[in-house]
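Visitor: I am new to this structure and should like to be led through it by questions. May we begin?

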Amino acid sequence: MGTSLSGGAVPSPGGVVISFERMNRIIDLDRENLTITVEPGVITGDLIRAVEAENLFYPPDPASLDTCTIGGNVAENAGGPRAFKYGTTKHYVLEIEAVVGEGKLLTTGRRTKKWVVGYDLPQLLTGSEGTLGLFTRITLRLLPKPPSTYTLLAAFRSEGDAARSVSRIIANGLLPSAMEYVDGKCIRAVGDEIAPFLPKDTGAFLLVEFDGFGPEFERQVERAYELMEKEGVVEVFVASDSATREKLWRARRGVLPSLEKLGKKIRHEDVVVPRSRIPDLVEYTGVVEEETGLMLATFGHAGDGNIHVNILYDEGQENLMEEAVDMVIEKVWELGGTAAGEHGIGLLKKKHLYRELDPLSIEIQKGIKNIFDPEGLFNPGKVF
Ligand SMILES: Cc1cc2nc3c(=O)[nH]c(=O)nc-3n(C[C@H](O)[C@H](O)[C@H](O)COP(=O)(O)OP(=O)(O)OC[C@H]3O[C@@H](n4cnc5c(N)ncnc54)[C@H](O)[C@@H]3O)c2cc1C
C-alpha cells in the first residue's frame, strides 16, 4: 500500500485518500477450480504464503510483496521476477467487483478458465491505475505449486558478461522462472548490506531460478551453468533450501530499499527493451552518467528486458535528472523498447505516455475513462 513508484498513490490537492487496509480478507480459496477470491487490501506476500500452504501457487511476486496489496497490483498490473515464465498480474485476474462512476457496483469477468462474453473488462481494469474505479473484490487464477525450486546467484566480472548470459540462456531455449539482474553500481553502493558474500571484484550478478521437476528440470539447471561459464562467471552460489534461497533473494529484493537509504533522491525509470538490447542500454547509462555527472544504477527483471534505471541526484539537480530521464527514454525507444513495464504512468511518467502513444489511442483511452468515471473522481490527474 502506497508503494507505487510512479506517484500513483499520491493524492491530488482537495482529494480524498481511500485506504483498503482493513479490506484484507481472503474470501474463498477454491481448490477444485484453482481460484482465490480476495478483498483488495490483502498483502500480496500473505496471499502467496496462504496459497502455498495449500500446495497451490500464485506467481506474480513484485519485489515489494510484503508491503503492497493485491488491489494495488491489479491497478498497476504488477509484474515481478516470475513474470518471465508466468506473466504479470493480468494473466491471473478472472473477475473484478468495482465501484465505478455514480457509485454503481460493477461485477465483471467469470471465474471460469475461459470467457469471451463481451469485451474483456477485467483486463481493461487491470493496469487502470485507480482511474476507472475502486476494486472491492478480486478473483484470481491459481496454479498447482511446482514441486522443486533451484536458485542460482551468479557473480560476473562485468555487466556485459551478465547481460550477454541472459540472451544466451533465452536463445538456448531454457525457461527459468526468474532471471534478475543487478549492476556493479548497485553492488558497489549497497553490496555489503545486501550481499556481503559476493567476491570483491563482482561487476554484476544474475539471480536465476528454475522450478519444476524431473530430468528436464535438472537438464535446464546444468545447461544454465554451462552457458554462464562460457560468459566468464566468477562464482555461482546455489540454493535448494528455503533459508539459503531467502539469503540469495535478499541480495536482489534489498537493492532498492538499500539504495533509498543512501540519502540521495532517486528517480525510478522502469523501461523495457528487447532482451538482446540490454547490453546496449546498460552501456548507454554510462554515457548519461558522463554527460550529466549523475549516478545511474540499474537492476531488474532481465528475463523480461525490464530494467529499472535509478537516477540518483541531490536537491537542486532536478534539471540534470530530467535531462538524464530524457536521454534514457529516447535511447529505449531507439532500441525498440517502451518507457514503462510495470510501475504505471501515475504522475511521473505522463510525458512518456504522450510521446509513446499516438493521438488516436490517447483519444480512445480518454473516452473510456469518461464512460467509467464521467465526474472525473477516480485518481484525478493520474495517467493523462
Ligand atoms: C521496494 C519496491 C519494490 C518494487 N518492486 C516491484 C516489482 O518487482 N514489480 C512491480 O510491478 N512493482 C514493484 N514495485 C512497485 C509497487 O510495489 C507496485 O506498483 C504495487 O502494485 C503497488 O501496490 P500498492 O498496494 O502499494 O498500491 P498503491 O501504491 O497504494 O497504489 C498504486 C495504484 O493502485 C491504485 N489502487 C490501489 N488499490 C486500489 C483498489 N482497491 N482499486 C482501484 N485502484 C487501486 C491506486 O489508486 C494507485 O494508483 C516496487 C515498489 C517498491 C517500493
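Visitor: Which residue is the bridge partner of Val93 in S6?

Guide: The model before us is a predicted one. Strand S4 (residues 93-99) and S6 run antiparallel and are joined by six bridges. Within that pairing, the partner of Val93 in S6 is Leu140.

Visitor: Which residue in S6 does Thr35 stand opposite?

Guide: Strand S2 (residues 35-38) runs antiparallel to strand S6 (residues 134-141), and four bridges join the two. Opposite Thr35 in S6 stands Arg141.

Visitor: What is the order of the strands in the open sheet of seven strands?

Guide: The pairing in this open sheet is antiparallel. Its edge strands, each paired on one side only, are strand S11 (233-239) and S12. Neighbouring strands are turned against each other by 20° on average, direction ignored. Read across the sheet, the order is S11-S8-S10-S9-S13-S14-S12.

Visitor: Which residue in S10 does Ala178 stand opposite?

Guide: Strand S9 (residues 178-183) and strand S10 (residues 204-212) run antiparallel, with six bridges joining them. In S10, the residue opposite Ala178 is Glu209.

Visitor: At about what angle to S10 does helix H8 run?

Guide: Helix H8 (residues 242-253) lies across several strands, among them strand S8 (148-156), strand S13 (295-301) and strand S14 (306-313). S9, S10 and S11 are also among the strands that H8 lies across. Relative to S10, helix H8 runs at about 135°.

Visitor: And at about what angle to S13 does helix H10 run?

Guide: Helix H10 (residues 278-292) lies across S9, S12, S13 and S14. Its angle to S13 is about 160°.

Visitor: Is Asn310 buried or exposed?

Guide: Asn310 is found in strand S14. Leaving aside neighbours within four places in sequence, its contacts include Leu256, Ile266, Arg267, Met295 and Phe299. The side chain of Asn310 also reaches the backbone oxygen of His308 at 3.3 Å. Because the relative accessible area of Asn310 is 1%, the residue is buried.

Visitor: How many salt bridges does a search of the whole structure find?

Guide: Side chains of opposite charge can pair when their charged atoms come close. One such pair here is Arg49 and Asp46, whose side chains meet at 3.1 Å, N to O. Over the whole structure, the number of salt bridges found is 30.

Visitor: What separates Arg49 and Asp46 in helix H1?

Guide: Arg49 is partly exposed, with a relative accessible area of 44%, and Asp46 is partly exposed as well, at 42%. The two residues are three residues apart in helix H1 (residues 44-53), so their separation is about one helical turn.

Visitor: Are Asp192 and Lys200 buried or exposed?

Guide: The side chains of Asp192 and Lys200 meet in a salt bridge of 4.0 Å, N to O. Asp192 has a relative accessible area of 64%, and Lys200 has one of 75%. Since residues over 50% count as exposed, Asp192 is exposed and Lys200 is exposed.

Visitor: How many residues apart in sequence are the parts that Arg267 and Glu322 tie together?

Guide: Arg267 forms a salt bridge with Glu322, with the closest N and O atoms 3.6 Å apart. Arg267 lies in strand S12 (residues 265-272), whereas Glu322 lies in helix H11 (residues 318-334), so the pair ties together parts whose distance in sequence is 55 residues.

Visitor: Which residues are linked with Arg267 in a network of salt bridges?

Guide: Arg267 counts as buried at 7% relative accessibility, while Glu322 counts as partly exposed at 28%. The residues linked with Arg267 in the network are Glu269, Glu322, Asp326 and Lys351.

Visitor: How many residues surround the ligand?

Guide: The closest residues are Gly2, Thr3, Ser4, Ser64 and Thr69. A backbone N or O atom of Ser4 lies 2.8 Å from an oxygen atom of the ligand. For Met1, a backbone N or O atom lies 2.9 Å from a ligand oxygen atom, and for Gly72 the corresponding value is 3.3 Å. The number of residues surrounding the ligand is 31.

Conventions
Residues numbered from 1 in each chain as written. Predicted model: local features only at pLDDT ≥ 70, side-chain atom pairs only at ≥ 80, totals over all residues. Heavy atoms only, no water. Buried < 20%, exposed > 50% of the residue type's maximum accessible area, 1.4 Å probe, protein only. Pairing = 2+ DSSP bridges. Axes fitted to C-alpha atoms, helices over the stretch in contact; angles between N-to-C directions. Contact = heavy atoms within 4.5 Å. Near = heavy atom within 4 Å. Polar contact = N/O pair within 3.5 Å; in protein donor to acceptor, adjacent residues only side chain to side chain.
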